[in-house]
Each structure stands twice: as C-alpha cells, then as structure tokens.
Amino acid sequence: FELKRKHIEEGESGHVNISLSSFELSGSKCSDLILPSNKKIRMLEDGNGCVHIQNIHVEQPQDAQSLKHHFDTAFDNRSTAETIHKHSSRSHAVFCISITNPVTFADGKILLVDLAGT
C-alpha cells in the first residue's frame with residue numbers, strides 16, 4: 001500500500017492492484033468467508049490439476065486498515081465447534097492476497113492457510 005500511495009503522490013497512476021478473497025473448506029463444502037451469503041462458490045479442478053475457486057467474492061482494499069478489516073471479517077465467519085478447546089476451528093481457511101501490475105504484467109499471490117484444529 002505504501003508503494004501504491006507513493007506512486008499516486010508522484011503523479012503516477014498507482015499501477016499496483018491489490019485484491020483479496022477468503023474461503024473455508026469444511027468436508028466437501030467450500031464457503032466464502034468475506035461474503036458468507038455468497039452460495040454460488042465452487043471449487044473446480046482444471047485439466048492441468050490446478051484448483052480454481054469459482055464465483056468467490058473479491059475485495060480491492062485501498063489501504064492496510066481495509067485489508068485488516070476484511071481479514072477480521074473472514075476470521076469471524078469461520079466455522080467453529082466446541083471441543084477440548086473452546087473455539088477450535090473445524091475447517092481449513094484460505095486467505096488470498098493478489099498483487100498485480102497491469103503495466104508490467106508482474107503479479108504475485110500470498111496465500112495464508114489456517115488448518116482445522118487449534
């Protein structure tokens with residue numbers, strides 16, 4: 001976000017796009033964690049063995065505070081059940097941050113994964 005802000009301040013168009021999405025895997029069910037009402041989300045595998053999440057809600061935060069807000073929302077929407085640990089998650093969660101530069105065609109992706117359990 002600092003790099004994007006610096007580009008804008010220097011009169012450049014801020015050619016860095018940041019987007020994020022988050023989903024949960026519980027058994028064979030895949031759920032959108034940022035927009036839980038989104039029931040159209042599907043996990044598909046292409047002919048090359050790559051997995052794609054179809055119809056997931058994607059946010060484009062403008063600053064670090066907005067990114068943290070969406071991360072917190074996703075965390076709060078996780079499925080939990082009481083076990084030995086009071087709020088143990090019963091699912092795997094994936095939080096994806098994508099960074100792209102449409103001018104240079106450079107891109108990157110950060111995947112944060114929280115596995116079921118404690």
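The legends below walk through close-up views of a predicted model.

**Figure 1. The whole chain, with 2 helices and 8 strands.**
Before zooming in, here is the overall layout. Reading along the sequence, you will meet the elements in the order α-β-β-β-β-α-β-β-β-β. The protein chain has 118 residues, and 28% of them are buried. About 8,100 Å² of the protein chain is exposed, with 54% of that area supplied by carbon and sulfur atoms. Among contacts with a separation of 6 or more, 50% are between residues 24 or more positions apart.

**Figure 2. The largest nonpolar core, built from 10 residues.**
The members of this core are Val16, Ile18, Leu20, Leu33, Ile34, Leu67, Ala74, Ala93, Phe95 and Ile97. Strand β1, helix α2 (64-76) and strand β7 (92-101) each contribute at least two of its residues. Strand β7 gives the largest share, 3 residues. A second core, separate from this one, has 5 residues, among them Phe23, Cys30, Ile56 and Val94.

**Figure 3. Phe95 and its surroundings.**
Phe95 counts as buried because its relative accessible area is 5%, and the cut-off for buried is under 20%. Beyond residues up to four places away in sequence, Phe95 touches Leu20, Ser21 and Ser22. Its partners also include Leu67, His70, Phe71 and Ala74. Ile110, Leu111 and Leu112 complete the list of residues that Phe95 touches.

**Figure 4. The aromatic pair of Phe71 and Phe95.**
How many aromatic pairs does the structure hold? There is 1. To describe such a pair, one gives the distance between the ring centres and the angle between the planes. For Phe71 and Phe95, the centres are 4.6 Å apart and the planes meet at 90°, an edge-to-face arrangement. The pair connects distant parts of the chain, since Phe71 belongs to helix α2 and Phe95 to strand β7, 24 residues apart. Phe71 is partly exposed, at 36% relative accessibility, whereas Phe95 is buried, at 5%.

**Figure 5. A nonpolar surface patch that includes Phe71 and Ile110.**
Together with Ile99 and Leu112, these residues make a patch of about 320 Å². Ile110 sits in strand β8 (residues 106-114). With a relative accessibility of 41%, Ile110 counts as partly exposed. Phe71, the patch member you met in the aromatic pair, is also partly exposed, at 36%.

**Figure 6. Two residues of strand β1, Ser21 and Ile18.**
Is Ser21 buried or exposed? Its relative accessibility is 12%, so Ser21 counts as buried. Strand β1 covers residues 17-26. Setting aside neighbours within four places in sequence, Ser21 is in contact with Ile34, Ile56, His57 and Val58, and also with Val94, Phe95 and Cys96. Ile18 is buried too, with a relative accessible area of 9%. The C-alpha atoms of Ile18 and Glu59 are 8.5 Å apart in space, although the two residues are 41 residues apart in sequence.

**Figure 7. Leu33, a buried residue in a loop.**
Where is Leu33 found? Look in the loop between β2 (29-32) and β3 (42-45). Leu33 counts as buried because its relative accessibility is 2%. Apart from neighbours within four places in sequence, Leu33 is in contact with Ser22, Phe23, Glu24, Thr73, Ala74, Asn77, Arg78 and Ala93. Of these contacts, Ala93 lies 60 residues from Leu33 along the chain, with 8.4 Å between the C-alpha atoms.

**Figure 8. Ala106 in strand β8.**
Ala106 is partly exposed, with a relative accessibility of 44%. Leaving out neighbours within four places in sequence, its contacts are Ile99, Thr100 and Asn101. Ala106 and Val16 are 90 residues apart in sequence, yet their C-alpha atoms are 9.4 Å apart in space.

**Figure 9. Asn55 and its positive phi.**
Asn55 is not a glycine, but its phi is positive, at about 70°. You will find Asn55 in the loop between β4 (51-54) and α2. At 44% relative accessibility, Asn55 counts as partly exposed.

How values were computed
Residues are numbered from 1 along each chain as its sequence is written. This is a predicted model: local features need pLDDT of at least 70, side-chain atom pairs count only at pLDDT 80 or more; totals for chains, interfaces and linings use all residues. Side-chain values use heavy atoms; hydrogens and water are left out. Patches are made of residues with over 30% relative accessible area and no salt bridge: like charges are joined within 9 Å, nonpolar side chains (Val, Leu, Ile, Met, Phe, Trp, Tyr) within 5 Å. Accessible areas come from the Shrake-Rupley method with a 1.4 Å probe; for residues, only the protein chains shown count as cover. A salt bridge is a side-chain nitrogen of Lys or Arg within 4 Å of a carboxyl oxygen of Asp or Glu. Helices (H or I, at least four residues) and strands (E, at least two) are DSSP runs, numbered from the N terminus. Buried means under 20% relative accessible area, exposed over 50%, partly exposed in between (1.4 Å probe, protein chains only). Contact means heavy atoms within 4.5 Å. A nonpolar core is a set of buried Ala, Val, Leu, Ile, Met, Phe, Trp, Tyr and Cys residues joined through side-chain atoms within 4.5 Å. Rings of Phe, Tyr and Trp (its six-membered ring) pair if their centres lie within 6.5 Å; planes under 30 degrees apart count as stacked, over 60 as edge-to-face and the rest as tilted.
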